[in-house]
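Here is a note for a colleague who is opening this entry for the first time. Please keep the sequence and the model in view while reading the points.

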Amino acid sequence: MPTLYLIEQGAELHCDGERMDVRRDGVVLQSLPLIKIEQVVIFGNVQLSTPAIKRLLDREVDVVFLTQGGRFHGRLVGESPPHVALRRLQYRRADDSAWALAVARAMVGGKLRNQRALLQRFRRDRVDPPPELDEIITTLQETTHKAERTQGRSALMGAEGFATKRYFAGMRLLFRDAGWGFNARVRRPPTDPVNVLLSLGYTLLLNNVLGAVQTVGLDPYLGCLHVDEYNRPSLALDLMEEFRPLLVDSLVLRCCNAGTVSPAEFSPTDDRDRPILLSDAGKRSFVRAFEERLRLEVLHPEGAESGPGRVAYRRCIELQARRLARAIQRGGTYEPLVTR
């Protein structure tokens with residue numbers, strides 16, 4: 001598993017030569033070769049020994065800190081790659097409003113097309129799909145064409161917001177059990193189990209995209225679609241848009257419909273910032289399914305040296321980051337990853 005998830009509260013991560021040991025109360029819960037770890041994701045109260053921190057930094061393994069509920073808290077990363085020329089060009093491209101808008105339109109178009117494809121794919125599994133679902137799919141197609149022709153960022157964001165709201169209305173119709181209580185996307189805070197899973201999935205996805213952006217050498221804080229905001233990785237948020245339906249939304253639907261995660265894994269709390277809590281067992285099931293999704297191989301136009309080829313979704317994220325870097329270097333447009 002390229003990503004090591006630490007969920008057990010009170011656990012400790014130690015370094016033993018070229019292995020990383022997860023311990024609790026002196027008992028080794030898990031032991032992995034350091035060479036197999038690309039990222040460490042920590043939920044809540046998990047301790048890292050100083051030798052472990054040093055070895056992770058030496059190996060350029062970034063460490064992501066989340067709250068116990070899965071909200072992003074911070075990152076521990078090593079030295080940034082010295083891609084000064086690329087970043088200088090990135091800043092100049094970002095100041096070109098026409099180029100930045102073209103890239104933003106492509107990113108939104110990719111997201112909306114993948115959203116529509118997800119609704120169509122899950123619709124085919126329904127024996128008697130509700131008529132409303134067909135109407136939403138048609139609306140998404142029409143709004144996608146409008147978004148790709150917008151002449152300003154505010155109009156683009158308006159089209160994206162409208163389409164995404166309709167998309168989640170369609171996604172609501174795809175849950176086989178009405179007991180999930182999902183009616184609309186609610187972020188801060190998530191108010192039902194489905195929104196908890198969506199938020200957790202998006203957090204995990206963002207950290208994978210952020211890692212790819214940094215590997216390529218781009219500044220993750222300067223985007224084209226999301227505006228600049230202190231300490232917000234706008235470019236990583238831009239690039240993850242097309243992957244939301246592919247890696248998170250579809251996964252949440254499958255986990256809920258297949259019983260990978262059940263409503264019993266969630267419990268209400270008195271905390272207004274976290275009204276619904278996912279159990280540790282539920283987190284393990286979901287992150288395991290997320291990792292399996294990242295390993296799933298799909299066709300990518302640049303997946304092979306000579307052209308199209310099948311590669312894991314994790315590799316697709318990096319390839320898309322490199323596509324964006326080439327668009328910056330050449331001044332051309334960005335091509336999102338779109339599936340059928």
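The points below go from the overall fold to the aromatic side chains.

1. To begin with the status of the coordinates, this is a predicted model, and the remarks that follow should be read with that in mind. The protein contains 10 helices and 12 strands.

2. On overall dimensions, the C-alpha atoms fill a box of roughly 60 × 55 × 40 Å when this is taken along the principal axes. The radius of gyration is 20 Å, which agrees with the value near 20 Å that a compact globule of 340 residues would have.

3. On packing, buried residues make up 51% of the 340 residues. Among the contacts with a separation of 6 or more, 62% are accounted for by residues 24 or more positions apart. The accessible surface comes to about 16300 Å², and carbon and sulfur atoms contribute 48% of that surface.

4. Turning to the aromatic rings, a search of the whole structure finds four aromatic pairs. One of these is formed by phenylalanine 168 and phenylalanine 182, whose rings are 6.3 Å apart from centre to centre, with 75° between the planes, an edge-to-face arrangement. Phenylalanine 168 belongs to helix H5 (residues 153-172), while phenylalanine 182 sits in the loop between H5 and helix H6 (193-216), so the pair ties together parts that are 14 residues apart in sequence.

5. Both partners of that pair are buried, since phenylalanine 168 has a relative accessible area of 6% and phenylalanine 182 has one of 5%, where a residue counts as buried when the value is under 20%.

6. A further pair brings in tryptophan 180 and phenylalanine 266, whose ring centres are 6.1 Å apart and whose planes stand at 85°; planes over 60 degrees apart count as edge-to-face, so this pair is edge-to-face. Tryptophan 180 lies in the loop between H5 and H6, whereas phenylalanine 266 lies in strand E9 (residues 266-268), and the pair therefore ties together parts that are 86 residues apart in sequence. Tryptophan 180 and phenylalanine 266 are both buried.

7. Which residues form one aromatic cluster with Phe168 and Phe182? They are Tyr167 and Phe175, which join Phe168 and Phe182 in that cluster.

8. Finally, one charged side chain deserves a look beside a ring: arginine 244 lies over the face of tyrosine 202, at 4.5 Å from the ring centre.

Definitions and conventions
Residues are numbered from 1 along each chain as its sequence is written. This is a predicted model: local features need pLDDT of at least 70, side-chain atom pairs count only at pLDDT 80 or more; totals for chains, interfaces and linings use all residues. Side-chain values use heavy atoms; hydrogens and water are left out. Rings of Phe, Tyr and Trp (its six-membered ring) pair if their centres lie within 6.5 Å; planes under 30 degrees apart count as stacked, over 60 as edge-to-face and the rest as tilted. Helices (H or I, at least four residues) and strands (E, at least two) are DSSP runs, numbered from the N terminus. Buried means under 20% relative accessible area, exposed over 50%, partly exposed in between (1.4 Å probe, protein chains only). A charge sits over a ring if NZ of Lys or CZ of Arg is within 6 Å of the ring centre and within 35 degrees of the ring normal. The radius of gyration is taken over C-alpha atoms; the globule rule is 2.2 Å times the number of residues to the power 0.38. Contact means heavy atoms within 4.5 Å. Accessible areas come from the Shrake-Rupley method with a 1.4 Å probe; for residues, only the protein chains shown count as cover.
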